[in-house]
Amino acid sequence: MPKHDEIFGIVGSFPDQDILASAARSAREEGYTSLTTYSPYESETALHALGWRDKKVQVGAFLAGLLGIGVGYFLQYYTTVISYPINIGGRPLNSVPAFMQVTFEMMVLCAALFSFFAVFFMSGLPRLHQPVFNSRLVSGDRFCLLINAADPVFDREKVLCFLKSAGAREFEEITA
Amino acid sequence: MKNDPAVREASQRVYDIVLRHYGNRAWWAGFLISSFFLLVLLVALTVLFWWGVGIWGINIPVAWGFAIVNFVWWIGIGHAGTFISAVLYLCNQNWRNSINRLSEAMTLFAVTCAGMFPVIHLGRFWRVYWLAPYPNTMEVWPQFRSPLIWDEFAVGTYFTVSILFWYLGLVPDLAALRDTAPKRLQKIFYGVLSFGWSGSSLQWARFQAAYGILAGLATPLVVSVHSIVSTDFAAAQVPGWHNALFPPYFVAGAIFSGFAMVLTFAIPLRKFFHLEALITPDHMDKMAKVMLATGLIVAYGYIMEGFMAWYSGSQEEWQLLRFRFTGPYAVVSWLVMICNVIIPQALWLPRVRKSPLLLFILSLVINLGMWLERFVIIVTALSKDFLPSSWALFYPTFWDIATLIGSLGLFSWLFFLFIRFFPMISVHEVKKEYAEA
């Protein structure tokens, strides 16, 4: 029998995302706070059941886009108006319509770069070794709920009982 | 469609192609043929770098020949991938889930081939870094009012955003490959590439946010990139080029030829790797409808060009139209009309849209027609511009053709490498689509 403090957590797998979502909700009601849900594809239901609301990626991408606009426009303004102005037929040096193309592209580039890297850095990735990789269920393409041993109310028997009552089909103890 | 065994089997096959070399013979055949044509490209480039652009048929006034035709053609082909990945995603067209990975990969390789041409067509290609806005001892900057510099930023951004979008969608599948890989080396390879993705809902939430943002960014990008490429011509004054119609007409043409290229690859792939359950006649039907619609827009473009050449009263414009259809390049111009306008009308028939063989042949015809259209636009307009003393014809040389065929080789070679090492269908998106059906 592995000792309590060697367990990383206990995971239960559920047949679909709705049952997983209700299990997650029940777990929060039971007082568990250190929970993670896993799914083989995007699942909004499970996420909302965990009560998670965060728009950091979206806000950050917007700000990155603004930065892109600034950088793109400033680059063109500086080079054509300040650094090496060339008088071409008396036309305005600050060629606003012509500058819009590069400005737009820089906006898209900065927003896209931010969004991509935000997904990983905000989730703590890259992290090439994680205890859950030892789990047959989490790696096995199922809807899973993990209750971490680090949770203050964690008790091995109670957790197993709870998962069973919430509708879990399979269980696994993950060792750290 | 929930838990349809054919779908599950085909999804597993997508992983098996990568992990267990399923379909090995077909893959080797494609890879070796592509490698041969890649060698053709390498020879053509070596000769080009040694002897210079004089080995091509370019002259004054037709200073832009095959190189720029190829550049515009390849970029156009890339647009279908982004259309499928981004635009169809935003329109909630879930049928795109089976084809978006391979078409997005096609975009990357098409943009690679495209990006090669502006570099190699420079007489002194080793000076290509002059295009970048860096502080230099000559104290000059790029001309930001020029479409050629807009191209640099647009195509560069397009390539970067396409890679990011493609790779983001790949990560969950790479994680699945890591988890199911039979060999340790494969586990390490895909483990590193997937950054430790575990599929937790937090990761999925960020993924979904970023995916939506990238799709929303890629959509105006796909329109802006080919519009900017079209301004390479539209911003000039030469008759036949100085046409406000060009941006929408080029973008529609890009999606038209891009979908044709997707079908050219997807139809043999589904047959040789037995993925018929994932790329169904329904998928082909919908892609064919998009091709029909964009083909009609291109046909409208042709009609408008002709009408405006007459209605504008511009002698030079009218003369160029007559030159195109009755002059030395008449065969090419009429072939364009046949390949892009007349033959694609067959797509009105459901029987044609759902038949893999007919659609495959049609896609080859459209690819050819769109290449010829770029040729007609670029070469005929340069050949006969304002001043009669400048008029001259362009004849392609062996090296022009070799470089074009070689670029097809590079494209296929990259594509076959992609199929071997990465799942060519976005399995996690397909699972989602079938679970929610």
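In this predicted model, a good place to start is chain B, where the axes of helix α7 (residues 201–234) and helix α8 (residues 246–272) come within 8 Å and cross at roughly 125°. At that angle α7(B) and α8(B) are oblique to each other, since the roughly antiparallel class begins over 145 degrees and the roughly perpendicular one spans 65 to 115. The crossing of these two helices, α7(B) and α8(B), is right-handed.

Which residues make up this contact of α7(B) with α8(B)? From α7(B) come Val223(B), His226(B), Ser227(B), Ser230(B), Phe233(B) and Ala234(B), and they meet Phe246(B), Pro247(B), Phe250(B), Val251(B) and Ala254(B) of α8(B). Sorted by class, the contact of α7(B) with α8(B) holds eight nonpolar residues and three polar ones, with no charged residues.

Now follow α8(B) to another of its partners. Helix α14 of chain B, made of residues 398–421, packs with α8(B) at an angle of about 45°, and here the axes are 13 Å apart. Once again the word is oblique, this time for α8(B) and α14(B), because 45° falls outside the parallel class, which needs angles under 35 degrees, and outside the perpendicular class, which starts at 65. The crossing of α8(B) and α14(B) is right-handed. On the α8(B) side you will find Met261(B), Phe265(B) and Leu269(B), which meet Leu408(B), Phe411(B), Ser412(B), Phe415(B) and Ile419(B) in α14(B). Seven nonpolar residues and one polar residue make up the contact of α8(B) with α14(B), and no charged residues take part.

Let us move over to chain A and its sheet. Four strands form an open sheet in the order β2-β3-β1-β4, with antiparallel pairing. The edges are β2(A) and β4(A), the latter covering residues 170–175, and each pairs on one side only. From one strand to the next, the twist averages 20°.

Walking across the sheet, begin at the β2(A) edge. Strand β2(A), residues 35–38, is joined to strand β3(A), residues 143–148, by four bridges, and the two run antiparallel. If you want a register point, Thr37(A) has Leu145(A) as its bridge partner in β3(A). The side chains of a regular strand alternate between the two faces of the sheet. In β2(A), Leu35(A) and Thr37(A) point one way while Thr36(A) and Tyr38(A) point the other way, and all of them are buried.

The next pairing links β3(A) with β1(A): six bridges join them, and they run antiparallel. Here Ser13(A) stands opposite Cys144(A) in β3(A). Strand β1(A), residues 7–14, is also joined to β4(A) by six bridges, again running antiparallel. On that side Ser13(A) stands opposite Glu170(A) in β4(A), and Val11(A) has Glu172(A) as its bridge partner in β4(A).

How many of the eight residues of β1(A) are buried? Seven are, so β1(A) is largely enclosed by the rest of the structure. Helix α5(A), residues 156–166, lies across β1, β3 and β4 of chain A and runs at about 10° to β1(A).

Finally, some backbone details deserve a look. Most residues other than glycine have a negative phi, and most peptide bonds are trans. In chain A, Leu125(A) and Pro126(A) are joined by a cis peptide bond, with omega at about 0°. Pro126(A) sits in the loop between α4(A), residues 96–121, and β3(A). Chain B has a cis peptide bond between Ile60(B) and Pro61(B), where omega is about 15°. Pro61(B) is found in the loop that lies between α2(B), residues 24–51, and α3(B), residues 66–90.

As for phi, His21(B) is not a glycine, yet its value is positive, near 55°. His21(B) is in the loop between α1(B), residues 5–19, and α2(B), and with 36% relative accessibility it counts as partly exposed. Glu139(B) likewise has a positive phi near 55°, and its place is the loop between α4(B), residues 100–120, and α5(B), residues 147–180. Is Glu139(B) buried or exposed? Its relative accessible area is 60%, so Glu139(B) is exposed.

Terms used: Residues numbered from 1 in each chain as written. Chains lettered and ligands numbered in written order. Predicted model: local features only at pLDDT ≥ 70, side-chain atom pairs only at ≥ 80, totals over all residues. Heavy atoms only, no water. Axes fitted to C-alpha atoms, helices over the stretch in contact; angles between N-to-C directions. Left-handed = near helix turned anticlockwise from the far one by under 90°. Contact = heavy atoms within 4.5 Å. Nonpolar A, V, L, I, M, F, W, Y, C, P; charged D, E, K, R; others polar. Buried < 20%, exposed > 50% of the residue type's maximum accessible area, 1.4 Å probe, protein only. Pairing = 2+ DSSP bridges.
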